[in-house]
Amino acid sequence: MNYEEVNEAYNAPVSQISVDRRGQFISKTYNHLLGAIVGFILIELALFESGMAQKIATFMLSMNWLIILGAFMLVSWLASRFAHNAQSKATQYSALAGFVLAEAIIFVPMLYIANAYAPGAITSAATLTLLGFAGLTGIAFFTKKDFSFLKGVLMWGGVLALVGIVGGVIFGYNMGTWFSLGMVAFAGAAILYDTSNIIHHYPEDKYVAAALELFASVALMFWYLLRFFMSRD
C-alpha cells in the first residue's frame with residue numbers, strides 16, 4: 001500500500017474503519033471534549049477569583065452586543081475552519097484552545113449576573129445540560145441512526161435565531177422564555193447531529209475538530225438553560 005492509499009484509508013469516515021480504531025477515535029473525541037469543558041471551567045474560576053470577571057462584564061455590558069456577537073462568530077468560524085482543515089495537530093489544538101477561551105469570555109457577563117442575582121441558576125443550568133447531553137448521546141449511540149438529515153434544520157434554525165437575536169438588539173425587544181426553550185431544543189438537535197457525525201462521518205484524524213463542534217453545542221445548551229433559569233428569578 002503506497003502513501004496515498006494509506007492517507008486515503010486514514011481519512012475514511014469512521015463508519016468504514018475497524019471497530020478498534022473507531023473506538024479509539026470516539027475515546028479521543030470525548031477526552032478532548034472533557035478537556036475543553038475543564039479548561040472552560042478553570043478559565044472562569046481564574047477570571048472570577050482574580051476579579052477580572054467584574055471588569056470584563058462591565059466592559060462587555062457597556063458595548064453594543066452586535067459587535068461582541070460579530071467578533072465571537074468570527075472567532076468561532078476561524079476556529080472551526082482551522083480545526084477541520086489544518087493538518088498540523090498544533091494548529092488544531094490552538095483552534096480548540098482559542099475557541100474555549102472565546103466561549104469563556106463571552107459567558108462572563110451572564111455568569112457574573114447569574115452569580116450575583118440568580119442564586120442556583122448556574123448549578124441548575126449545568127445539571128440539566130449534563131443530563132440533556134447524556135441523554136442525547138445515549139440516543140445517538142444506542143440507535144446508531146444517522147442524524148445527518150438535521151443539517152438543513154440546523155442551518156435554517158440558526159439563521160432564524162440569528163435574525164431574532166439581531167432584531168432584539170436593534171429594536172430592543174425581549175426574546176422571552178420561549179425563545180430560550182426553543183434554543184435549548186436547537187442545541188439538543190445540534191448535539192444529536194454532532195454525535196451522529198462522530199459515530200458515522202468524521203475522518204479518523206479529526207477528533208480535535210469533532211470535540212470543538214460538540215463543545216460548541218454543549219455550551220449553547222448551557223447558555224440558554226442559564227438564560228431560562230435567570231428569567232425565572
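Author: Let's start with the vocabulary: helices (H or I, at least four residues) and strands (E, at least two) are DSSP runs, numbered from the N terminus. This is a predicted model, in which local features need pLDDT of at least 70, side-chain atom pairs count only at pLDDT 80 or more, and totals for chains, interfaces and linings use all residues. Residues are numbered from 1 along each chain as its sequence is written, while side-chain values use heavy atoms and leave out hydrogens and water.

Reader: Thanks! Is S80 buried or exposed?

Author: S80 lies in helix 4, and it touches L212 and E213 (contact means heavy atoms within 4.5 Å), not counting residues up to four places away in sequence. Buried means under 20% relative accessible area, exposed over 50%, and partly exposed in between (1.4 Å probe, protein chains only). S80 has a relative accessibility of 19%, so it counts as buried.

Reader: And T137, which residues does it touch beyond four places in sequence?

Author: T137 has its place in helix 6. With a relative accessible area of 12%, T137 is buried. Leaving out residues up to four places away in sequence, its contacts are Y30 and T195.

Reader: Which helix gives the most to the largest nonpolar core?

Author: A nonpolar core is a set of buried Ala, Val, Leu, Ile, Met, Phe, Trp, Tyr and Cys residues joined through side-chain atoms within 4.5 Å. The largest one has 72 residues, and F25, F107, I198 and L226 have the most contacts inside it. Among the elements giving two or more residues to this core are helix 2, helix 5 and helix 8 (176-200). With 19 residues, the one that gives the most is helix 9.

Reader: How far apart in space are the C-alpha atoms of L111 and R227?

Author: L111 is found in helix 5 (residues 89-117) and is buried, with a relative accessible area of 8%. Leaving aside neighbours within four places in sequence, L111 is in contact with E44, F48, I122, F222 and L226. L226, in turn, has contacts that include M110, A114 and A125. L111 and R227 are 116 residues apart in sequence, and their C-alpha distance is 9.7 Å.

Reader: Nice. What kind of aromatic pair do F107 and W223 make?

Author: Rings of Phe, Tyr and Trp (its six-membered ring) pair if their centres lie within 6.5 Å; planes under 30 degrees apart count as stacked, over 60 as edge-to-face and the rest as tilted. A search of the whole structure finds 13 such pairs; in one of them, the rings of F99 and F215 have centres 6.0 Å apart and planes at 85 degrees, so that pair is edge-to-face. F99 and F215 are both buried. For F107 and W223, the centres are 5.0 Å apart and the planes at 80 degrees, so the pair is edge-to-face.

Reader: Last one: about what area does the nonpolar patch that includes L45 have?

Author: Patches are made of residues with over 30% relative accessible area and no salt bridge (a side-chain nitrogen of Lys or Arg within 4 Å of a carboxyl oxygen of Asp or Glu), with like charges joined within 9 Å and nonpolar side chains (Val, Leu, Ile, Met, Phe, Trp, Tyr) within 5 Å. Accessible areas come from the Shrake-Rupley method with a 1.4 Å probe, and for residues only the protein chains shown count as cover. L45, found in helix 2 (residues 19-50), counts as partly exposed at 48% relative accessibility. Together, L34, V38, I41, L42 and L45 make a nonpolar surface patch of about 460 Å².
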